[in-house]
Amino acid sequence: MEEKEEKIYPYRGIGILALCALLVFAGIYRFGETALQTSSTVGNRELPIYSVDTQKKQVALSFDAAWGNEDTQRILDILASHNLHVTFFMTGGWVESYPEDVKKIQAAGHDLGNHSENHKNMSQLSAKECEEELMKVHDRVKELTGVSMQLFRPPYGDYDNKLIKTSYSCGYFPIQWSVDSLDWKDYGVDSIISTVLQNKDLTNGSIILMHNGAKYTADALESVITGLETQGYEIVPISQLIYKENFHMDGTGKQIRD
């Protein structure tokens with residue numbers, strides 16, 4: 001969520017968690033100078049955004065960047081050849097190791113997303129520790145690129161109510177995925193392509209998970225893109241797909257406009 005700037009993240013002192021809790025329970029989150037009415041609550045659960053309810057035939061491609069960097073430039077070149085923009089979720093370690101690639105991703109017009117500082121199971125952390133995991137990499141990316149990230153993907157897809165509330169209170173939309181390419185299992189190019197294109201959950205508003213450091217992802221990417229386009233989907237970054245205000249979630253983690 002949001003940043004280190006005074007305007008967006010002014011409450012680093014005593015009482016921050018109490019203040020954040022009040023904002024969260026009221027369903028009001030601050031992004032810049034605007035208070036947004038949102039709800040991530042379904043029953044007793046707080047849910048991240050797995051997909052989006054939309055009539056537009058759009059899907060979002062996303063890449064987690066937590067290890068490796070051999071294929072990043074190739075992935076960027078393929079995306080550029082199709083004039084596409086996607087979302088990269090980066091850990092603090094990856095940002096520190098590959099700052100020039102972070103700049104390249106931003107310069108190419110892609111979303112910069114937060115994947116935590118240390119890629120821990122954040123449901124096992126305190127609210128304060130979760131905040132630190134978010135804001136350390138946030139501040140580093142802000143200093144490096146001038147971008148205040150607003151999209152956060154929990155490492156391992158692991159979350160609890162505390163993490164979702166904390167991420168919103170810090171200015172972040174928590175993002176999961178509805179289509180897992182399983183590229184991280186290294187089953188091969190054909191497996192990645194079929195897993196995405198034949199996925200039972202591939203539909204309008206799907207968020208697709210891939211990794212920039214997986215063995216076969218770059219080799220499969222061209223066919224994944226053309227396959228999605230053949231099915232009539234427009235590929236957009238997550239920031240363009242999701243609703244930023246006046247929404248609620250259903251039990252599957254689908255974001256629905258109010």
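This dialogue reads two helix features in a predicted model.

Q: What should be kept in mind about the model and its numbering?
A: This is a predicted model, in which local features need pLDDT of at least 70 and side-chain atom pairs count only at pLDDT 80 or more, while totals for chains, interfaces and linings use all residues. Residues are numbered from 1 along each chain as its sequence is written, and side-chain values use heavy atoms, with hydrogens and water left out.

Q: Which residues of helix H2 are buried?
A: Helices are DSSP runs of H or I with at least four residues, strands are E runs with at least two, and both are numbered from the N terminus; buried means under 20% relative accessible area and exposed over 50%, with partly exposed in between (1.4 Å probe, protein chains only). In H2 (residues 72-81), Thr72, Ile75, Leu76, Ile78 and Leu79 are buried.

Q: Why do they lie on the same side of H2?
A: An α-helix has 3.6 residues a turn, so residues three or four places apart point the same way. Here the buried residues cover an arc of only 160 degrees around the axis (taken from the directions from the helix axis to the C-beta atoms), which puts them on the same side of H2. The face turned away from that buried side carries the exposed residues Ala80 and Ser81.

Q: At what angle do the axes of H7 and H8 cross?
A: Axes are lines fitted to C-alpha atoms, for helices over the stretch in contact, and angles run from 0 to 180 degrees between N-to-C directions. The axes of H7 (residues 189-197) and H8 (residues 217-230) come within 9 Å and cross at roughly 30 degrees; the two helices are therefore roughly parallel to each other, a term for angles under 35 degrees.

Notes
Angles under 35 degrees count as roughly parallel, over 145 as roughly antiparallel, 65 to 115 as roughly perpendicular and the rest as oblique.
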